[in-house]
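Q: Please take a close look at a single part of the structure shown below. I should like a connected account that sets this part in its surroundings.

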Amino acid sequence: VMDSHLLHHLSDGVMTLTLNRPEKLNALTPDIYKRIGDLVIKASQDSDCQAILIKGAGRAFSSGFDLKLEVSRRTHAEKLNTLQNVANRARWAIWQSPKPVIAAIHGYCLGGAFELMLPCDFTIASDDCQLGEPEILFGAGPAFMMVPWMASHKRAKDVLLTGRRLSAAEALAMGLVTSVVPAEQLQDTVERLITTLKQIPAAAVTLNKRGINRAYETMGMVPHLESWGETAAYLSFMVDEEGSEVQQILETEGTSAALRWREKRFGNRPAGAKE
């Protein structure tokens, strides 16, 4: 069953990973994260693979981490392990891959999916895509604190302190995506980009990617993101009035009720996992 939630195939030099839980807006699970990490690492070592594409089936790229899974009471060590060694392992695999990684996003790209898109080398967004970190409104925080390394101080706080949704155009202006195209042109635009990347000598793509990444790494991005993971795991245990209320609703009434509670409190209901 797991593999059906993440389709993958290598064709004409491109490893395509397709998030495939369309009835749940491709909500992410630890198993999906683990599989993404495994497949990106495998593709990175495959001489037949020249580029990696990540996309979503159905109406959205992904609504983010499946809220239903947040209901389970886990220890800090368990949460930290899932965050760093499962979810963030997939993100670091993308960052470190010698192959260019392209995200094609449409519909929704929220929460954990937003953070999966950030380390990709290119993100092509449809103009109808909504992005952001709505889990902040539930009292959570980002697992992968990459936005401050990509956007200005004020922009990063606009995204990460308010939890508001961003339009694709706003994300482009902030430097969080590469380009925005009409939805019907998304596939063609991605294919043209991949064709260009495949025509460039692979060593040039690999070494130039490494050089660009190293600029951020030498400024301290890696230890910052790694140390933040522990804080993010602790945050889930720091219960305040808002956090405990939504946690109780999640546990007793389910995801849809929790989303309705959040809509009533904040407006701007996050698209996401349904019951």
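A: Helices and strands are here DSSP runs, numbered from the N terminus, with at least four residues for a helix (H or I) and at least two for a strand (E). The model is a predicted one. The part chosen is helix 2, which covers residues 30-44, together with the segments that lead to it and the helix it packs against.

The account may start ahead of this helix, with D12. This residue is placed in the loop that joins strand 1 (6-11) to strand 2 (14-19). D12 is not a glycine, yet its phi is positive, near 55°. Most residues other than glycine have a negative phi. The relative accessibility of D12 is 62%, so this residue counts as exposed, the cut-off being over 50%.

Strand 2 follows, and T18 is one of its residues. T18 has a relative accessible area of 11% and is therefore buried, since the limit for that class is under 20%. Beyond its neighbours up to four places away in sequence, T18 touches H5, L6 and L7, and also K55, G56 and A57.

Between strand 2 and helix 2 runs a loop that contains N26. Its phi, about 55°, is positive although N26 is not a glycine. N26 counts as buried because its relative accessibility is 1%, whereas D12, at 62%, counts as exposed.

Within helix 2 itself, L39 deserves attention. With a relative accessibility of 3%, L39 is classed as buried. Apart from neighbours within four places in sequence, L39 is in contact with L6, H8 and L17. L6 is also among the residues touched by T18. As a reference for distance, the C-alpha atoms of L39 and G141 lie 27 Å apart, with 102 residues separating them in sequence.

Helix 2 also packs against helix 3 (residues 76-96), at an angle of about 35° and with 8 Å between the axes. The crossing is left-handed. Helix 2 contributes P30, Y33, K34, I36, G37, D38, V40 and I41 to this contact, and helix 3 contributes T82, V86, A87, R89, A90, R91, A93 and I94. Sorted by class, the residues of this contact are ten nonpolar, two polar and four charged.

Helix 3 in turn packs against helix 10 (residues 221-235), with an angle of about 150° and axes 9 Å apart. This crossing is right-handed. From helix 3 the contact takes H76, K79, L80, L83, Q84, W92 and W95, and from helix 10 it takes M221, V222, L225, E226, G229, E230, A232, A233 and Y234. By class these are ten nonpolar, three polar and three charged residues.

These elements belong to a protein with twelve helices and nine strands. Of its 275 residues, 52% count as buried, L39 being one of the buried residues at 3% relative accessibility. Among contacts with a separation of 6 or more, 71% are between residues 24 or more positions apart. The radius of gyration is 18 Å, which agrees with the value near 19 Å for a compact globule of 275 residues. The C-alpha trace spans about 55 × 40 × 40 Å along its principal axes. The exposed area is about 12,600 Å², of which carbon and sulfur atoms supply 54%.

How values were computed:
Residues numbered from 1 in each chain as written. Predicted model: local features only at pLDDT ≥ 70, side-chain atom pairs only at ≥ 80, totals over all residues. Heavy atoms only, no water. Axes fitted to C-alpha atoms, helices over the stretch in contact; angles between N-to-C directions. Left-handed = near helix turned anticlockwise from the far one by under 90°. Contact = heavy atoms within 4.5 Å. Nonpolar A, V, L, I, M, F, W, Y, C, P; charged D, E, K, R; others polar. Rg over C-alpha atoms; globule rule 2.2 N^0.38 Å. Buried < 20%, exposed > 50% of the residue type's maximum accessible area, 1.4 Å probe, protein only. Areas by Shrake-Rupley, 256 points an atom, 1.4 Å probe, with all protein chains shown as cover.
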